[in-house]
Amino acid sequence: MQEFSRKILAWFDSHGRKGLPWQQQKTPYRIWVAEIMLQQTRVATVIPYFEKFIRCFPDVYTLAKAADDEVMSYWTGLGYYARARNLHRCAIQVVEKYHGEFPDTQDKLQTLPGIGRSTAGAILSQAFGKRGIILDGNVKRVLSRHAAISGWPGQAAVTQQLWRLAEQLTPNHRPDAYTQAIMDLGSLVCRRRQPECTVCPLFESCQARRQRLIGQIPGRKPKRLLPQKTTRVMILRNGEKILLEKRPPVGIWGGLWSLPETDAALSQQATEKILHDRHGVNITTIEKLRSFEHTFSHFRLRIEPWLIDTSTMHNRIQEPGRQWYDFHELSKIGMPGPVSRLLTRLVPAVECR
Ligand code: SF4
């Protein structure tokens, strides 16, 4: 066991990542923001988001006081928006319950919104230098290959086995370096495809390599055909303004500003009537743009965008949750990635964060 961590730490000292933005000034706040962003997201993608986020919200008090929309705007394009909502709720709780100081125990960290077992372990080790156990996707891959644990790591029995292994292998010595090291090893060397076994510090002891099972481990998630849904989104434009609606707080794209939608099966005439009744607009032109697909974890969404120029903006549009935004304001609000990309393409003045 000690041999395992010794090899990984030695590898880390010469090859691990040490210059990541959140590794400078390792405060619990910065580590926590980074860990939440890194959930299901690659390091290279996270870096620019992290830097902008920290510039705008340099500490937990600033974040706790911020408006929802502002926080969401810094998450546009990063996906999994529940993370941003939980991040904001968590900041508020840390300020209210813990006077702005993150707790330094596994149990207390796990009571905070958005912090699960592995994220709490990462914060404990990275921010407090305590022995925290982590088991993210990269670590699961290294551990399951090294011990030749077949089966999909998402299965409860496999996950439990991996947690037991992670517990046994995590050292008391240099826990912060060890957690970073095993994450780095998974993302830089023991990659999902074409791992670089010849430069891996676990080359000798790795059971998957010895048994020629690398291609089969970790096991794949059982395939299921994702259902497809279709929606029609309306880009209602009036001069330099676009109509947006705030989505309900829970569910897909919860709390984000998005485009009005209608049933894609409706005729153009029926759609025009709905737009007039619901939004009080007079339509001048309609352009049906090329549709595209966005994949969520549990379904695929076919999006049919219609670009609609209007000549009037009815007063009742200014209801809560429904608003005409100037093009230049769009970068200040949280929008789903596909919507922000669509608008950026159509309206060059729109530059999302
Ligand atoms: S030897 Fe290869 S498969 Fe085994 S842990 Fe190292 S990189 Fe991964």
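What share of the 353 residues of the chain count as buried? The figure is 48%. The structure is a predicted model, and this report describes its overall make-up, several of its helix pairs and a few individual residues.

## Overall make-up

The chain has 14 helices and 8 strands. Measured out along the principal axes in the computed model, the C-alpha trace spans about 75 × 50 × 35 Å.

Contacts across the sequence contribute much of the picture: among the contacts in the chain with a separation of 6 or more, 67% come from residues 24 or more positions apart.

## Helix H2 and its surroundings

Helix H2 takes in residues 28-38 and is mostly covered, since 10 of its 11 residues are buried. The buried residues are Tyr29, Arg30, Ile31, Trp32, Val33, Ala34, Glu35, Ile36, Met37 and Leu38. Several other helices help to cover them, including H3, helix H4 (60-65), helix H6 (82-98), helix H8 (117-128) and helix H11 (175-189). After H2 comes Gln40, which has a positive phi near 60°.

## The pairing of H2 with H3

One of the helices that cover H2 is H3, which is formed by residues 43-56. The axes of H2 and H3 are 10 Å apart, and the two helices pack at an angle of about 140°. Because angles over 145 degrees count as roughly antiparallel and this one falls short of that cut-off, H2 is oblique to H3. The crossing in which H2 passes H3 is right-handed.

On the H2 side, the contact is made by Tyr29, Arg30, Val33, Ala34, Met37 and Leu38. On the H3 side, Val43, Val46, Tyr49, Phe50, Phe53 and Ile54 take part. Sorted by class, the contact of H2 with H3 holds 11 nonpolar residues, no polar residues and 1 charged residue.

## The pairing of H1 with H11

Helix H1 comprises residues 2-15, and its axis comes within 9 Å of the axis of H11. The two axes cross at roughly 75°. This angle lies in the range of 65 to 115 degrees, so H1 and H11 are roughly perpendicular to each other.

From H1, the residues that make the contact are Phe4, Ser5, Ile8, Leu9, Trp11, Phe12 and His15. From H11, they are Ala177, Tyr178, Gln180, Ala181, Ile182, Asp184, Leu185, Leu188 and Val189. By class, the contact of H1 with H11 has 12 nonpolar, 3 polar and 1 charged residues. H11 also has a part in covering the buried residues of H2.

## The pairing of H9 with H10

Helix H9 covers residues 137-146 and helix H10 covers residues 156-169. Their axes come within 10 Å and cross at roughly 90°. H9 and H10 are therefore roughly perpendicular to each other.

In this pair, Lys140, Leu143 and Ser144 of H9 meet Leu162, Leu165, Ala166 and Leu169 of H10. The contact of H9 with H10 is made up, by class, of 5 nonpolar, 1 polar and 1 charged residues.

## Val95 and Thr62

Val95 is found in helix H6. With a relative accessible area of 22%, Val95 is partly exposed, because buried means under 20% and exposed means over 50%. Apart from residues up to four places away in sequence, Val95 touches Val60, Tyr61, Ala64 and Gly100. Although Val95 and Tyr61 are 34 residues apart along the chain, their C-alpha atoms are separated by 6.6 Å.

Thr62 lies in helix H4 and counts as partly exposed, at 27% relative accessibility. Leaving aside neighbours within four places in sequence, Thr62 is in contact with Cys56 and Phe57. The C-alpha atoms of Thr62 and Cys200 are separated by 42 Å, and these residues are 138 places apart along the chain.

## Cysteines

The structure holds 0 disulfides. Two cysteines can be described by their accessibility. Cys206, at 11% relative accessibility, counts as buried because its value is under 20%. Cys197 has a relative accessible area of 21% and is partly exposed, since buried requires a value under 20%.

Notes: Residues numbered from 1 in each chain as written. Predicted model: local features only at pLDDT ≥ 70, side-chain atom pairs only at ≥ 80, totals over all residues. Heavy atoms only, no water. Disulfide = S-S within 2.5 Å. Buried < 20%, exposed > 50% of the residue type's maximum accessible area, 1.4 Å probe, protein only. Axes fitted to C-alpha atoms, helices over the stretch in contact; angles between N-to-C directions. Helix = DSSP H or I, 4+ residues; strand = E, 2+ residues; numbered from the N terminus. Parallel < 35°, antiparallel > 145°, perpendicular 65-115°, else oblique. Left-handed = near helix turned anticlockwise from the far one by under 90°. Contact = heavy atoms within 4.5 Å. Nonpolar A, V, L, I, M, F, W, Y, C, P; charged D, E, K, R; others polar.
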